[in-house]
Structures are given as structure tokens and as C-alpha cells.
Amino acid sequence: MKFDTVIIGGGLAGMVAGITLQKAGQQTAIISTGQNALHFFSGSFESLKEANPRIVELFSEAGVRLHYKPGVWLTPLGKFRESALSLEDVDIFPTPQFGRKALIVNFLGYHDFFSSFLAEGLEKQGMSCRVRFLNLPELEILQQSPSEMRSVQIARTMDKLWEKVVQEVRVLLKDEDTVLLPQVFGLQDPSVPGRVRSSIPARVVFAGTLPPSVPGIRTIILLKQRYQLLGGTYMMGDEVVRAHTHEGVVHSVATKNLDNHYIEANNFILCTGGFFSKGLVSNPFQVYEPIFGLDVSYQEDRNLWYNPSFQEDQPYMHFGVKADENLHAIQDGKALENLYVAGSVLGDTHPEFGTAAGAAIRTALHVADEILQN
Amino acid sequence: MKLQEYTRSHHNFEECMKCTVCTAFCPVLQANPLYPGPKQAGPDGERLRLKDPYFFNQALKYCLNCKRCEVACPSGVNVADLIQSARIKYDQTPPKFRDTLLASTDMMGTLARPVAPLVNFATGLGVTKTVMDVTLKIDRHRTFPKYAGRSFESWLKRRRKEQAAFPEQVAYYHGCYVNYNNPQLGKDLVKVLNALGVGVQLLEKEKCCGIALITNGMSAKARKNAEHNIGQLRQAIVDKGLKVVTSSSTCTLTIREEYPNLLGVDNAEVRDSMLMATRFIYEKLEKGAQLKFRADYHKKIAYHTPCHLEKLGWGIFSEKLLQMIPGVEFILLDSNCCGIAGTYGFKKENYKVSQAIGEPLFAQIRSVNPDIVACDCETCKWQIEMSTGYTVMNPISILAEALELNEK
């Protein structure tokens, strides 16, 4: 099977590149080994204070609403981090002192939402907090199996039940100016978070839960629909096992499912993610890129790979595939002319990008532009 | 650097990072709270079961074996294989009489065929459905697949000479459904392949792939079928140098993946030469062969990728073939499970769950309102036809219907 461009990796970078290229008239395929990092997405893309209307437009055409608003966002553990671009249902505040009193609402039996951490974090900013648990009979069915009372299961119920939650919250609400709810709204219907907000007479903040991330899954579903609507071929659950490269040009790739049916293309984009997605692999002796064997920048001395203090910046997070200034991949010191690299596999996501999500989008757009110009 | 390969665990379960992605994609978990979910039933449970089989949980029978957890897993864990293997290894409950009946597709087909009109009449009656519901716990809402009066095998045997005249030959593993219920699909496949200059042969004697035996707790019988079928495939592929084509995604997945992974039956010699006919046809066209389509063929077709085809990764061939037909308006339906999972949905205790799982798919089909739903799986077909009223056709049959044939 032959395409204009084949994208290896179906996460945020792959989707953005795929949508951009399809929209420009190319025929592309995305080969994705399982689901991606958007399932662990916080909802905040980056803290780079440089608005890019193109990103907001690309997402809005897929039905994903973003807002650019430099400030801070509230992490699931009650800390504040810088952000500038996020999903619309993830608030960005000008300062951490965004309210006076908060009502934090959780569901009885749900352990993946850290209300006490959030309360502690807000109290540090001078807010007073009250934590309450809702016990909805409709959630009893989920409570039967506590290990499966997860964000996505609750969110499926909330698509139908959000009005009832709103009623209960209105009853609980006293003089608080802020209500904190877990991010379990709007899995299928992206309009739900907005409707929850407008029907509670206080500022509603949706705070993160443990994975799977409901706003992340909603985002990936909408991006995938958009990509397929534009005619893109999405190969889910397949894996590139081998690439055929000749004199600096990649001709085709072989996949686990298609064995000897090779996928050919004029250009290839590698956006296979970091260590979790196996875009980068480590063993006791080296860090390598498993498909093309590209050059990887990393510390030779394994003792320097990680910092024993878990919360500190981890050196291995900076390891990544080497690329030239136009993001051509580098193999044995030489740039490959039709293989580009985007997203977390590049490692060392520059500090000014703030988070990997923003870097994934910006590198993917850059690569797509390069391909379209050449 | 074989270190990591050498330490690879059974079904890769130690690669599980507890990321919970599989739980977001399990269709059963959304509809049945009694099911512990793929993470718990698969890799988490496996750790416990390895310590003591006491931890085997009967609720694993609620797994559909749809493999959606495996397709979603970012770490390459064979979650559904872990669950089905545990059932094979630890479940000592003898299969119910009903499950034996449902799983014995070969035997039922052989018995029903000579008296097909009678059987079809009887299984269509409300009273029979009620009796089966009460006595056998086969849900009364189900529509039973009709049996054909003449098997596909006997139809093709009569055309042996005519088929042998084609310059290129393939063997066809048709499966129980084509043989006993829908010989027309087999005839359609012959028509399309003939148009490409390819003659179709039968295997000497194929048996049911055995998937229903595996999921109904009859793995010893399934293994026998597997060994028999591998012998038959080897004869065609290794001895005669033929490719073997199929038209059912589940039979194909079973022979390619379940034989080695669940039943321990080696298929290495034949694995790469057994292809869905859609893939075989696509590859022929890619190499320059041509099919002529009718100018007057105009259909709006919504394509549903069966879960097992998604796991195989071969849905793209069906998609591309349908898109090649000039008069087709093609719509790719969202990736969803229809909920029937072979014999699963026929069981009374699963009926409601089965319909709840399929609802998002049914709703999308109703809103798309196509002329035909296309799908490569026979049990998806029964489920979608029963639940939505839309006609479901295998892509091969659609190709056959749209073909422009010069002669005849």
C-alpha cells in the first residue's frame, strides 16, 4: 500500500501532522501501537507565551476547544504550574489566589480524585475549603467493583447524569465562590463541562484525576474522527517492526500485522513517543531508537541517567533522537532526507515549551510544513 | 542483546504498567459490573493466579474475547489471551448442554442441512424461541441464522473442473457459516476471484476453526480441530504451494493467532500464506490486475470493522476495496463493538449486556442511514441486522454485486 506520507505513532504529534497533511490534500496513514499519552493528559498543553492561532484553529475544526491565556493551572495534587494554552474546560488563572472559599465535591467510593491534596494546596493560597462526597444511586453499580470505579466509567454515567450532579452541588453550596469537581464530564459530549459551569452559581473548576484522563480521551476521539473524515487511514494496534532504507532514503516499512505487505511512502514521520510508548528503549547498556536505529543523544554513564530524588528533573527525560534544524532524523551522523521526527521521541523538550504536549504539536506542524514545501 | 527477549513472560504480562488504558476500551466493563475488567482479569489477576489457582475468578467468562484491550494496550500485553488462557487452564466447570450445542457449529450444520426448511421454520417460530429460552437459556429475542439446503462444499465440488481451468489457483477456507448458512458468500467470492483469473479449490476436509469451542470451555476439542486444520492448510500451502483465502475475520484470527497463543498449536508454516480474501484481492489489484465495475451501481455503504479484523489490522483492505467501487459513497463507522461476540450474545444471561454494548454502533448506523452496512463478520451481521433492521453484506459480496462481467 502506498501513501504520500506515513506517520509512525498515533499520539498528539501524529494526529496533528496527519490532520495538517490530509487537509493539504495528501494521502496519509497513521500506524499506532496501542493508545497514546493523551490518555494521561492533564489538559494543559504548554506554558509558552507565544500564541499560535493555527493550533487553536486546527483543534477547533476537530471540535476541541482550546484557550490561550497565560497564567497558572491547578494540578491534581493541589500545586500550581505555569500554563498558557489548555483545553477550555481546564482553567488558567492569572494568579494562584483565584478565590476565597472552595467547595470540593467528590463521589463516594472514587479514589482517583485527591480532594485532600487539593484542599491543602488551596488552603496554602489562603482559600478555605470544604470537602463533600456525593452518593448517587446511579453510581452504586460502579461501587460494586471498587477497582473499576475509574474516571472513564464515571464519565460514561455523567454524560447522562450531569444535571443531577448539578442539583446536588447546588444543595451543598453555601457561601463558597468556587466549586471543584473531578474531570469526569464531557467524555462523549464536549458541551457538558460548559453546561455544568453555567448551571452552578459559583466558579466551577474541573481538577485532574488519576488516568485515564477524560478530557484527553475526548480529545483523541475527536482528533481521530477528524483525521478519518479527512480521508486519513488510521491503523490502530499495529507496530512498525522494520524499515527499508537505501542510501539515506526510507522506502517502506513492515508492520507486525501486515508482515510481508509493506507500507510505502514518499515521506515518513517518526513520532513514536518517549520511553512509555517505546519510541525510545533502554536496556542496561544503552538507550536506542528501535525502528530505524537513529542516533540518540544520551549519557553514556548509566549512573547519570536518573536522579535519585524522584521529584527532581530526571536526566533520562532529556534523552532523545537526534535531528537537524528541519527535524530530519539523523542516522550514523547523517540526516535522512525523507524521515522527519516530531514529538516526545525528540526528548529534550526545550524548557521554553513548558510541556511535552505543546512541543509535540509545534514539532508536528513544523514537520508537516517541511513536507508540504518540498 | 537478547536480555529482554529471554525474559519475556507468558502473553507478555509483565509489560503491564497498570496504565488502565485497556479499561477505557473494554466494552463489557461499560455494561456489566460483574466483570472485573481487562486489567484486573488479565495481568493483575495473572500475578495472583500464578501464586495460587484459588484466585481464578469465574467472572472471567464475561470477557467477550473481542481483543479491543490488546489493540488499545500501549505496552504490547496480550490481555485477552491472558484471560482466555486462564479460563482454559483453571476453569474446571463442564460446559452446559446449551453451550455445547452453540459451540458445535460443524455438527449442527451437518444435522440441520438435510432438513433446512424445517429447521428454519421451527427456529423462526415464537413458540420455539420461548421453549429454547426457558429450557436452554438461549435468549428469545435472538434471530437464528438460517440453514441452507445445499452446502457450499457440494456446490463448489460440482464446479471442480471449471475452477481447475483457471491459470492461477487458491484454496478457500470457507468456515461453517459459508458452508451451512450462507453459501452465497462463497459463490460471490468465487465470482470475484474468477474475474481476476483465479480458480478456487476446497481444502481436502476443513473443520470448524474452533473459536466457539474455545470460548465455551471445550478447548480439548478445539485443539483437535486446530491440529486437523493445520494439517489441511499445510497440505495446500506447503505441498501444493497455494495461498489460502478466507472470508470470515474471526476464523482467520483464530487460525493465525489463537492456535499458537491459546491452544499451543504451531502454525508457523502456514501463517503468512493464509489471507483474508479482501487482502488477497487488494494485493492482486495493486500488482496491476483489474476489476470492472458496473456503471449503474450506486450505493451508500457504511463499513463496520469487526473487532477481530481490527485486531488482525486488515480492515484497511476492506475499506480500500469498497472505496475503489466508483458508485460507492463510503462511510467508515467509528470503532465500536457490536456486542454479540459469536455465541456470547445468544446466551440469555448476556443478552442485555450484548445489546447495551452495541447501542453506540446501532445509533450511528441509524443516523448515517446507509443503503447497506458492510462487515466481514457473520455474527456482527446477525447482530446488526437484528438490532437495526439494516442489511449487512460482506465486502466480498458487495464487490461481486458491483462487478461488470463481460461474458455470460
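Trainee: How far apart are the end C-alpha atoms of helix α5 in chain A, and what would a straight helix reach?

Mentor: In this predicted model, helix α5 of chain A runs over residues 151–172, and its end C-alpha atoms are only 22 Å apart, although a straight helix of its 22 residues would reach 32 Å at 1.5 Å a residue.

Trainee: Where does α5(A) bend, then, and by how much?

Mentor: The bend is at Lys160(A), where α5(A) turns by about 80 degrees.

Trainee: Switching to the two chains, how many residues of chain A are in contact with chain B?

Mentor: On the chain A side there are 38 residues, and they are in contact with 42 residues of chain B. The area buried between chain A and chain B comes to about 3300 Å², with carbon and sulfur atoms giving 54% of that area.

Trainee: Which three residues supply the most of what chain A buries there?

Mentor: Those are Met1(A), Gln35(A) and Phe276(A), which supply 17% of the area that chain A buries against chain B, more than any other three residues.

Trainee: And how many polar contacts and salt bridges are there across that interface?

Mentor: Between chain A and chain B there are 14 residue pairs in polar contact, and the count of salt bridges between these chains is three. As for the elements involved, β1, α5, α7 and β10 of chain A each supply at least two residues of the side that touches chain B, and α7(A) gives the most, with four residues. By class, that side of chain A has 14 nonpolar, 17 polar and seven charged residues.

Trainee: Which residues of chain B form salt bridges with Asp259(A)?

Mentor: Arg256(B) forms one with Asp259(A), the closest N and O atoms being 3.2 Å apart, and Arg279(B) forms another, also with its closest N and O atoms 3.2 Å from each other. Asp259(A) lies in the loop between β12 and β13 of chain A while Arg279(B) lies in helix α17 of chain B, so this pair joins two chains.

Trainee: What about the backbone at Asp259(A), is phi positive or negative?

Mentor: Phi of Asp259(A) is positive, near 30 degrees, in a residue other than glycine. For background, most residues other than glycine have a negative phi, and most peptide bonds are trans.

Trainee: Which peptide bond is cis, and where does Pro212(A) sit?

Mentor: The bond from Pro211(A) to Pro212(A) is cis, with omega near -5 degrees, and Pro212(A) is placed in the loop between β9 and α7 of chain A.

Notes:
Residues numbered from 1 in each chain as written. Chains lettered and ligands numbered in written order. Predicted model: local features only at pLDDT ≥ 70, side-chain atom pairs only at ≥ 80, totals over all residues. Heavy atoms only, no water. Expected span 1.5 Å × (residues − 1). Bend = angle between axes of the 7 residues up to and from the residue. Contact = heavy atoms within 4.5 Å. Buried area = accessible area lost by both parts, 1.4 Å probe. Salt bridge = Lys/Arg side-chain N within 4 Å of Asp/Glu carboxyl O. Polar contact = N/O pair within 3.5 Å; in protein donor to acceptor, adjacent residues only side chain to side chain. Nonpolar A, V, L, I, M, F, W, Y, C, P; charged D, E, K, R; others polar.
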